[in-house]
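The following exercises are meant to be worked with the sequence and the structure in view. Each consists of a task and a solution set out in steps.

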Amino acid sequence: MKLLILILLLVVCPTVQAQQIGLIANTDGRKTVSLNGQWQTIIDPYESGYYNYRYQPSDNGYFKNAKPKSKTDLIEYDFDSSATLNVPGDWNTQSDQLFFYEGTVWYKKSFDYPRKPDTRLFVYFGAANYFADVYLNGEKIGQHEGGFTPFNFEITKLVRDTGNFLVVKVDNKRRLDAVPTLMTDWWNYGGLTREVKLIETPATFVHDYLIQLQKGSRQRVSGWVKLAGEKLNQRVTVRIPEAGISKTVNTDDRGFAEVDFNADLKLWSPESPKIYEVIIEAETDQVRDQIGFRSIETKGTDILLNGRPIFLHGVCIHEEAPLRGGRAYSREDARTLLGWAKELGANFVRLAHYPHNEFMIREADRMGILVWSEIPVYWTIQWENAATFENARNQLGEMIARDKNRAAVVIWSVANETPLSDARLTFLKNLISHARSLDTTRLMSAAMERHYINDTTQMIDDPLGEYLDVLGCNEYVGWYDGLPEKADRLEWRSKYQKPLVMSEFGGDALYGHHGDAGARWTEEYQESIYQHQIAMLKKIPFLRGTSPWILTDFRSPRRPLPNIQDYWNRKGLISNRGEKKKAFYVLQQWYKQL
Ligand code: GCB
């Protein structure tokens with residue numbers, strides 16, 4: 001019977017997916033071919049390139065990239081005469097037709113690739129929002145859920161010397177059971193929003209590694225390397241030439257080896273973001289990376305960087321492209337956004353509300369900016385749905401897999417403003433222990449809500465606090481909660497002896513809109529919020545960080561007010577055109593004193 005089912009399955013689904021390999025670490029350090037540029041695209045709101053008229057998945061979908069063979073052939077699509085979209089890039093800001101679009105767009109790119117013997121080839125996507133089905137030469141090679149983390153599929157056996165066609169069905173329809181769910185306060189930018197590339201590796205290659213300081217130590221480097229391929233037993237040497245380090249280990253039958261050695265390293269910090277070249281040299285492969293070393297821990301209500309207390313003076317950032325709008329994706333975008341954060345006097349950024357593109361993290365490493373990185377477990381989520389949990393867990397794992405070697409990243413956050421319940425607590429506790437199993441060194445946090453125990457006392461006692469290293473808390477005193485002066489009377493209490501980062505506060509102002517400090521939407525009102533907030537924040541004894549909402553205006557479908565919002569959340573300290581609002585200078589002045 002079982003055999004029969006298997007045979008049936010093979011007959012019904014002839015496109016058995018190629019075996020998949022986990023994320024390849026550090027694609028920068030490898031031989032790659034970019035597939036960025038114009039891709040042919042078909043907008044498919046009814047998904048007729050995927051389903052037949054009985055709503056069954058079709059064997060003959062657009063992924064076949066079919067062409068009429070004779071003049072009688074009926075084929076109702078043609079990639080090659082269809083419009084193009086640039087990759088990387090969201091589709092919404094590339095075509096007026098697609099500005100509010102939520103649905104499927106098919107992408108196609110043709111390429112040649114004369115593969116050399118004894119090499120393997122992978123196709124790598126920086127991100128696709130939200131669901132991607134990927135096909136090469138008409139065969140399905142994999143699918144991926146989650147709009148902000150990278151994934152790769154092996155195509156060694158399918159790739160041809162010439163005439164390959166890579167087809168991706170990208171669907172950004174929101175779903176109640178997805179992560180994030182239906183309701184967010186940001187634009188649902190769809191598409192192949194980050195770079196796409198081919199990665200060539202040797203037959204057996206360095207698949208992944210962790211090279212970081214051991215938790216609690218500033219001299220001991222501890223981690224592991226993992227090979228993938230046939231020749232799993234190898235000698236692997238980790239070298240840090242500048243520090244005179246060369247340490248050789250032998251990988252086991254799974255291609256795995258732990259790495260542990262003492263090193264006299266100049267530590268990474270915002271004042272001195274020292275980065276070393278690290279070389280991982282196996283017998284069959286070699287990868288180079290740029291890694292900084294620093295320790296991060298908490299003690300009572302303090303956050304210690306390299307053993308010394310630090311105050312995280314920062315700002316939240318959405319992945320909204322500076323000046324042009326749309327999803328940010330490039331190194332230049334990252335430099336502009338982080339450059340503004342630096343100008344503000346920040347040593348810290350909260351990258352909200354999902355993992356940002358890798359350039360942000362790499363540039364933060366170079367510029368000496370500490371990073372809080374999070375997954376889009378935002379507002380309401382189906383806490384009791386096992387598939388939703390699996391999805392969130394997978395996104396968390398992919399975020400950590402990509403960025404675990406970056407010194408800048410000090411906090412992983414698992415949730416934003418989630419409503420209290422037992423199911424939610426179980427869900428988030430399980431995410432936290434998963435993160436800790438993947439990475440023992442970073443601090444865990446979440447942006448929580450708080451409540452009033454009387455008119456003037458704010459209490460942080462969310463039961464989640466027990467499982468976090470750093471408490472995150474969002475509050476909008478002066479905007480959603482009373483007027484700016486309300487902050488003057490507030491006292492803050494916490495059930496936990498832990499550091500607090502005020503992970504959001506702020507209010508909207510349209511740049512250039514002036515009035516008195518009591519008038520909503522004016523720069524003066526926003527300025528007044530910041531003045532009262534800063535006075536309040538200075539009095540919170542366990543406060544160890546701030547990341548007000550937000551560096552720049554960003555698009556949100558929840559913000560329609562004409563002539564003020566026009567579908568922009570205006571809480572930016574900088575407008576969407578790059579103009580600094582008055583509140584920017586208020587915060588800058590405080591940060592300069594710190
Ligand atoms: C919040 C959310 C953030 C929103 C912000 C707002 O609490 O965490 O995503 O954009 O408030 O502007 O209301």
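**Exercise 1. The ligand and its surroundings**

In this predicted model, establish how far an oxygen atom of the ligand is from an N or O atom in the side chain of Glu-504, and then describe what else surrounds the ligand.

*Solution.*
Step 1. The separation between an N or O atom in the side chain of Glu-504 and an oxygen atom of the ligand is 2.8 Å.
Step 2. The protein covers 97% of the 320 Å² of accessible area that the ligand has on its own.
Step 3. The ligand is surrounded by 14 residues, the closest being Asp-185, His-353, Tyr-378, Glu-417 and Tyr-480.
Step 4. Two of these residues may be examined in turn. For Asp-185, an N or O atom of the side chain is 2.5 Å from an oxygen atom of the ligand. For Tyr-480, a polar side-chain atom lies 2.4 Å from an oxygen atom of the ligand.

**Exercise 2. Helix H2**

Determine what span the 13 residues of helix H2 should have, which residues of H2 are buried, and what those residues pack against.

*Solution.*
Step 1. Helix H2 comprises residues 331–343; at 1.5 Å a residue, its 13 residues should span 18 Å, and the end C-alpha atoms are indeed 18 Å apart, so expectation and model agree.
Step 2. The buried residues of H2 are Asp-333, Ala-334, Leu-337, Leu-338, Trp-340 and Ala-341.
Step 3. Because these buried residues fall within an arc of 150° when seen down the axis of H2, they line one face of the helix.
Step 4. The packing partners of the buried residues are strands S21 (312–317) and S22 (348–351), together with helices H3 (358–367) and H7 (582–593).
Step 5. Just after H2, Gly-345 adopts a positive phi of about 95°.

**Exercise 3. Helix H6**

Find the span that the 15 residues of helix H6 should have, and state how many of them are buried.

*Solution.*
Step 1. For residues 523–537, 1.5 Å a residue leads to an expected span of 21 Å; the end C-alpha atoms are 21 Å apart, which agrees.
Step 2. Of the 15 residues in H6, 13 are buried, and the helix is thus mostly covered.

**Exercise 4. Asp-133**

Decide whether Asp-133 is buried or exposed, and identify its side-chain polar contact.

*Solution.*
Step 1. Asp-133 belongs to strand S6 (residues 131–136).
Step 2. Its relative accessibility is 5%; buried means under 20%, so Asp-133 counts as buried.
Step 3. The side chains of Asp-133 and Lys-140 make a polar contact (2.6 Å).
Step 4. Leaving aside residues up to four places away in sequence, Asp-133 touches several residues, among them Tyr-50, Gln-143 and Val-167.

Definitions and conventions: Residues numbered from 1 in each chain as written. Predicted model: local features only at pLDDT ≥ 70, side-chain atom pairs only at ≥ 80, totals over all residues. Heavy atoms only, no water. Helix = DSSP H or I, 4+ residues; strand = E, 2+ residues; numbered from the N terminus. Expected span 1.5 Å × (residues − 1). Buried < 20%, exposed > 50% of the residue type's maximum accessible area, 1.4 Å probe, protein only. Arc of directions from axis to C-beta. Contact = heavy atoms within 4.5 Å. Near = heavy atom within 4 Å. Polar contact = N/O pair within 3.5 Å; in protein donor to acceptor, adjacent residues only side chain to side chain. Areas by Shrake-Rupley, 256 points an atom, 1.4 Å probe, with all protein chains shown as cover.
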